[in-house]
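Visitor: I am new to this structure, and I would like to understand how the words used to describe it are earned. Could you take me through it step by step?

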Amino acid sequence: MSSLPGGERPDPADAGPPSAWNPHPDHPDHLGAVGWPGDSGQPGGYPEQQAGGGAVDRPIRTYLWQSLVATLLCCLPTGIVAIVYATQAQTRLQAGDLRGARQASGRARRWCIVSLIAFAVVLLVYVVAIVIIVAIASRND
């Protein structure tokens, strides 16, 4: 353990009252305990992620703001489906259902992409229709 700048070490008795975040060092439940409350290893009780790479190490995204943008700017029907799956992902993530949250997150992402593709198709059809109308109108003049 490193010393403070003055060469003094803090006195554990001055640490204040024991709590989950500040356990008293002499308390029998906390002797040798390392980490966060609940022995989860991480703050907030989140489960530890497994080492070794892969999909387990990636955080689960809910795609909620992407779903809202897709609904407002791209395609309303597919955007609403994306919002439903995004809220399911968020709810399942908060409940601790990581597998269900990953599935709902993947579906929300898929529907956001479908919304973007639908927007691109509609925009392309609109531009082609305008070009055809302008060509017909200029030919008649």
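Guide: Let us begin with a term: contact means heavy atoms within 4.5 Å. By that rule, and not counting residues up to four places away in sequence, Ser 105 touches Ile 60, Arg 61, Tyr 63 and Ala 89. This is a predicted model, in which local features need pLDDT of at least 70 and side-chain atom pairs count only at pLDDT 80 or more, while totals for chains, interfaces and linings use all residues. Residues are numbered from 1 along each chain as its sequence is written, and side-chain values use heavy atoms, with hydrogens and water left out.

Visitor: What makes Ser 105 buried or exposed?
Guide: The term buried means under 20% relative accessible area, exposed means over 50%, and partly exposed lies in between, with a 1.4 Å probe and protein chains only. Ser 105 has a relative accessible area of 7%, and is therefore buried. Its place is in helix H3, which covers residues 98-140.

Visitor: How do you know whether Tyr 63 counts as buried or exposed?
Guide: The relative accessibility of Tyr 63 is 15%, so Tyr 63 counts as buried. Tyr 63 is found in the segment before H1, and it has a positive phi of about 60° although it is not a glycine.

Visitor: What is Arg 110 called, buried or exposed?
Guide: Arg 110 has a relative accessible area of 52%, and is therefore called exposed. Arg 110 is found in helix H3, and although it is 47 residues from Tyr 63 in sequence, the two are 10.0 Å apart in space, C-alpha to C-alpha.

Visitor: Which word fits Val 69, and why?
Guide: Val 69 counts as partly exposed because its relative accessibility is 37%. Val 69 lies in helix H1, and its C-alpha atom is separated by 8.9 Å from that of Cys 112, 43 residues apart along the chain.

Visitor: How many helices and strands does the protein chain have?
Guide: The protein chain has three helices and zero strands, where helices (H or I, at least four residues) and strands (E, at least two) are DSSP runs numbered from the N terminus. Read from the N terminus on, the elements run α-α-α. Buried residues make up 15% of the 141 residues in the protein chain.

Visitor: Why are H1 and H2 described as they are, parallel or antiparallel?
Guide: Two packed helices are described by the angle between their axes and the distance between the axes. Helix H1 (residues 64-74) and helix H2 (residues 76-95) pack at an angle of about 165°, with their axes 8 Å apart. Angles under 35 degrees count as roughly parallel, over 145 as roughly antiparallel, 65 to 115 as roughly perpendicular and the rest as oblique. H1 and H2 are therefore roughly antiparallel to each other. The residues of their contact divide into nine nonpolar, five polar and no charged, where Ala, Val, Leu, Ile, Met, Phe, Trp, Tyr, Cys and Pro count as nonpolar, Asp, Glu, Lys and Arg as charged, and the others, Gly among them, as polar.

Visitor: What makes H1 roughly parallel or antiparallel to H3?
Guide: The axes of H1 and H3 come within 9 Å and cross at roughly 20°. That makes H1 roughly parallel to H3. In this pair, Gln 66, Ser 67, Ala 70, Leu 73 and Cys 74 in H1 meet Cys 112, Ser 115, Leu 116 and Phe 119 in H3. The residues of this contact divide into six nonpolar, three polar and no charged.

Visitor: How do you know whether H2 and H3 are roughly parallel or antiparallel?
Guide: H2 and H3 pack at an angle of about 160°, with their axes 8 Å apart. H2 and H3 are therefore roughly antiparallel to each other. Among the residues of H2 that meet H3 are Ala 89 and Arg 92, while Ser 105 and Arg 107 are among those in H3. The residues of the contact of H2 with H3 divide into 13 nonpolar, six polar and two charged.

Technical notes. Axes are lines fitted to C-alpha atoms, for helices over the stretch in contact, and angles run from 0 to 180 degrees between N-to-C directions.
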